[in-house]
Amino acid sequence: MAANQETAARPADTETTKKAGVIRRFLRLAGPFFWSEGTWTVRLLAVGVIVLTLFQLGVQIRINWWNRDFYNALEQRDWNAFTHVMLFFVALAGVSMVVAVYQIYLKQLLQLRWRVPPKACWRSARQNRPPRHCETRGQQRLHLSAPQI
């Protein structure tokens, strides 16, 4: 009976362990990118992408509510409500497009910054020091040569 209780408890434990392992691997991979010297703009870009994603989610929810108002106006054959709802849709669609374009722009900027090493890597490469802050994917190190001027 005790053996059955132990095996029943293991799947939940392994699921928690897997989640903790994923978070640990993500922090090991992305930690130097977000927390190295001179990356406050990267943090702002990441926060901007998250905020715009949440705002876009709110706009989509409001479009669902608009759908309800639109069909209510059609069902009641109310011309004033119909024109009001259609003008509101134009505004919602415009806001949604602007937010989506700006969100994609910030996301692509963040992806570009991900591919370019932080300033500390270039500085350490110019000074012929081992690059301490340039870790990628676990223990591998990114070795850079100084730019030719």
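Trainee: How many salt bridges does the count come to?
Mentor: Keep in mind that this is a predicted model. One pair is D69 with R62, where the closest N and O atoms are 3.8 Å apart. R68 also pairs with D69, with the closest N and O atoms 3.2 Å apart. The count comes to 2 salt bridges.

Trainee: Which residues are linked in a network of salt bridges?
Mentor: Look at who D69 pairs with. D69 forms a salt bridge with R62, and R68 forms a salt bridge with D69 as well. That gives a network linking R62, R68 and D69.

Trainee: Does R68 count as buried, exposed or partly exposed, and what is its relative accessibility?
Mentor: Buried needs under 20% and exposed needs over 50%, with partly exposed in between. Its partner D69 is partly exposed, with a relative accessible area of 24%, and R62 is partly exposed with 24% too. R68 falls between the two cut-offs, so it counts as partly exposed, at 47%.

Trainee: Okay, zooming out: in what order do the elements run from the N terminus on?
Mentor: There are 4 helices and 2 strands to place in the protein. Starting at the N terminus, the order is α-α-α-α-β-β.

Trainee: What percentage of the residues count as buried?
Mentor: The protein has an accessible surface of about 11,800 Å², and carbon and sulfur atoms hold 63% of that. For burial, the tally is over the 149 residues of the protein, and the buried share is 23%.

Trainee: Which element gives the most to the largest nonpolar core?
Mentor: That core has 10 residues, including A30, F34, V42, L45 and V99. Two or more residues come from each of α1 (2–35), α2 (40–76) and α3 (79–115). With 5 residues, the top contributor is α2.

Trainee: Which residues of another core, apart from that one, can you name?
Mentor: This other core lies apart from the one with A30 and F34. It has 6 residues, among them V59, I63, F70 and V85.

Trainee: Which residues is V49 in contact with, leaving aside its neighbours within four places in sequence?
Mentor: V49 belongs to the largest nonpolar core, and so does L106. Q103, which sits in helix α3, is on the contact list of V49 as well. Setting the sequence neighbours aside, the full list is Q103, L106 and K107.

Trainee: Is Q103 buried or exposed?
Mentor: Start with what lies around it: beyond four places in sequence, Q103 is in contact with V49, L52, T53 and Q56. The cut-off for buried is under 20% relative accessible area. Q103 has 18%, so it is buried.

Trainee: Which side chain does the side chain of Q103 make a polar contact with?
Mentor: T53 and Q56 are both among the contacts of Q103. The polar contact has a distance of 2.6 Å, and the partner is the side chain of T53.

Trainee: How much accessible area do I50, L54, L57, I61 and W65 have together?
Mentor: These residues form a nonpolar patch on the surface. One of them, L54, is in helix α2 and counts as exposed at 56% relative accessibility, because exposed means over 50%. Together the patch residues have about 530 Å².

Trainee: Last one: what share of the contacts with a separation of 6 or more comes from residues 24 or more positions apart?
Mentor: The count takes in contacts in the protein with a separation of 6 or more. Within that set, residues 24 or more positions apart account for 55%.

Notes
Residues numbered from 1 in each chain as written. Predicted model: local features only at pLDDT ≥ 70, side-chain atom pairs only at ≥ 80, totals over all residues. Heavy atoms only, no water. Buried < 20%, exposed > 50% of the residue type's maximum accessible area, 1.4 Å probe, protein only. Contact = heavy atoms within 4.5 Å. Areas by Shrake-Rupley, 256 points an atom, 1.4 Å probe, with all protein chains shown as cover. Core = buried A, V, L, I, M, F, W, Y, C linked by side-chain atoms within 4.5 Å. Polar contact = N/O pair within 3.5 Å; in protein donor to acceptor, adjacent residues only side chain to side chain. Patch = residues over 30% accessible without salt bridge, like charges linked within 9 Å, V, L, I, M, F, W, Y side chains within 5 Å. Salt bridge = Lys/Arg side-chain N within 4 Å of Asp/Glu carboxyl O.
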